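This report covers salt bridges, a buried charge and the surroundings of some helices and strands in one chain.

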Amino acid sequence: MSIEQMTAKMSEGQGFIAALDQSGGSTPKALKLYGVEESDYNGEAEMFDAVHAMRSRIMQSPAFTGEKVIGAILFEMTMDRDVAGKPTSHYLWEEKGVVPFLKIDKGLEAEENGVQLMKPMPGLDDLLARAFKLGVFGTKERSVINAANPAGIKAVVAQQFEIGEQVIAAGLMPILEPEVTITIADKAEAEAILRDEILAHLDALDESKKVMLKLSLPTVANFYKPLVDHPRVLKVVALSGGYSRDDANAILSQNTGMIASFSRALSEGLNAKQSDAEFDAMLQAAVDSIHAASIAG
């Protein structure tokens, strides 16, 4: 599994990243949207079996290929499982041409200064080494910004880059995800502070290093273009953040150089009770629309 080939795919590939990394807290909601009720499984083990079945069905669909889906972000338990008899990361790259990433954060701290920092990540070095051995290309880590608070946003960005450096040292590509909540009244102001903080850290980053960024869709089109064009940035991807797929696609298509990394907006409309033909057709329509928005502009 060639790091050079994966880097080229991320840099030059005309497509988007599928976020298949719902964790313990968000899994019941994801399953319910997929038509699997909490009464359909008993306990956490069966819950994770159910969500792995959902993810496996998505990954094995003929609609899911590296032609339009250039990357996929995995939950740790998904990385540790198999798809079609292969470790998930190997299946994605070898069978589908899709670059595998791993979600590494352990959730969020309580809000302080208008933000939620990431919780401590004990054993991160071991997890990164395991991911590297399994052929995973990169990682993703999420924190949340709920207000245009300069001190809070500064702390979020500092923490993101600190963990990012640890990821780079392990031979992996970090996706830094300081999410701005799309419903806050001062979203545009928060984005301005965030962009300046990220640019300052990028300018200070050693020229031998690169990161990826996963950001909320901006209030002003192309507001993040200076980040897209920065030499220390491999790719800027967008989260759907609660927008419907149609709304997220419409906003994304106005932002040159940003590609999608959607979770709920990708699986919207998929249902466990659909036939394979119905499921594949629904997923193909989603893939096609998100791909079109990702390469627009």
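The count of salt bridges comes to 17. The model is a predicted one, and three of the pairs are set out below.

| Pair | Closest N to O distance | Location |
|---|---|---|
| Lys 106 and Glu 76 | 3.2 Å | Lys 106 in the loop between E5 and E6, Glu 76 in helix H4, 30 residues apart |
| Arg 130 and Asp 80 | 2.5 Å | Arg 130 in helix H6, Asp 80 in the loop between H4 and E3, 50 residues apart |
| Glu 197 and Lys 154 | 3.9 Å | Glu 197 in helix H8, Lys 154 in helix H7, 43 residues apart |

Glu 76, Asp 80, Lys 106 and Arg 130 are joined in a salt-bridge network. Lys 106 has a relative accessibility of 39% and so counts as partly exposed. Glu 76, at 22%, is partly exposed. Arg 130 is partly exposed with 33% relative accessible area, and Asp 80 is partly exposed at 43%. Glu 197, by contrast, is buried because its relative accessible area of 18% falls under the 20% cut-off.

Arg 232 sits in the loop between helix H9 (225-228) and strand E10 (233-239). Which side chain of opposite charge is nearest to Arg 232? It is Glu 207, 5.3 Å away. A salt bridge requires a nitrogen and a carboxyl oxygen within 4 Å, and Arg 232, although buried, has no salt bridge. Beyond its neighbours within four places in sequence, Arg 232 is in contact with Leu 202, Leu 205, Asp 206, Glu 207, Lys 209, Lys 210 and Val 211.

Helix H3 (residues 43-60) has 18 residues and spans 26 Å from first to last C-alpha, close to the expected 26 Å. Its buried residues include Met 47, Phe 48, Val 51, His 52, Arg 55 and Arg 57. Among the elements covering the buried residues of H3 are strand E1 (16-20), helix H2 (27-33), helix H5 (88-96) and helix H12 (276-295).

Two of these covering elements can be described further. In strand E1, five of its five residues are buried. E1 pairs with strand E2 (residues 69-74) in the parallel sense over five bridges, where Leu 20 has Leu 74 as its bridge partner. E1 also pairs with strand E11 (residues 258-262), again in the parallel sense, over two bridges; there the bridge partner of Ile 17 is Ser 261. In helix H5, the buried residues are Thr 88, Ser 89, Tyr 91, Leu 92, Trp 93 and Lys 96. Gly 97, just after H5, has a positive phi of about 70 degrees.

Methods
Residues numbered from 1 in each chain as written. Predicted model: local features only at pLDDT ≥ 70, side-chain atom pairs only at ≥ 80, totals over all residues. Heavy atoms only, no water. Helix = DSSP H or I, 4+ residues; strand = E, 2+ residues; numbered from the N terminus. Expected span 1.5 Å × (residues − 1). Buried < 20%, exposed > 50% of the residue type's maximum accessible area, 1.4 Å probe, protein only. Contact = heavy atoms within 4.5 Å. Lys, Arg positive; Asp, Glu negative; His and termini not counted. Pairing = 2+ DSSP bridges.
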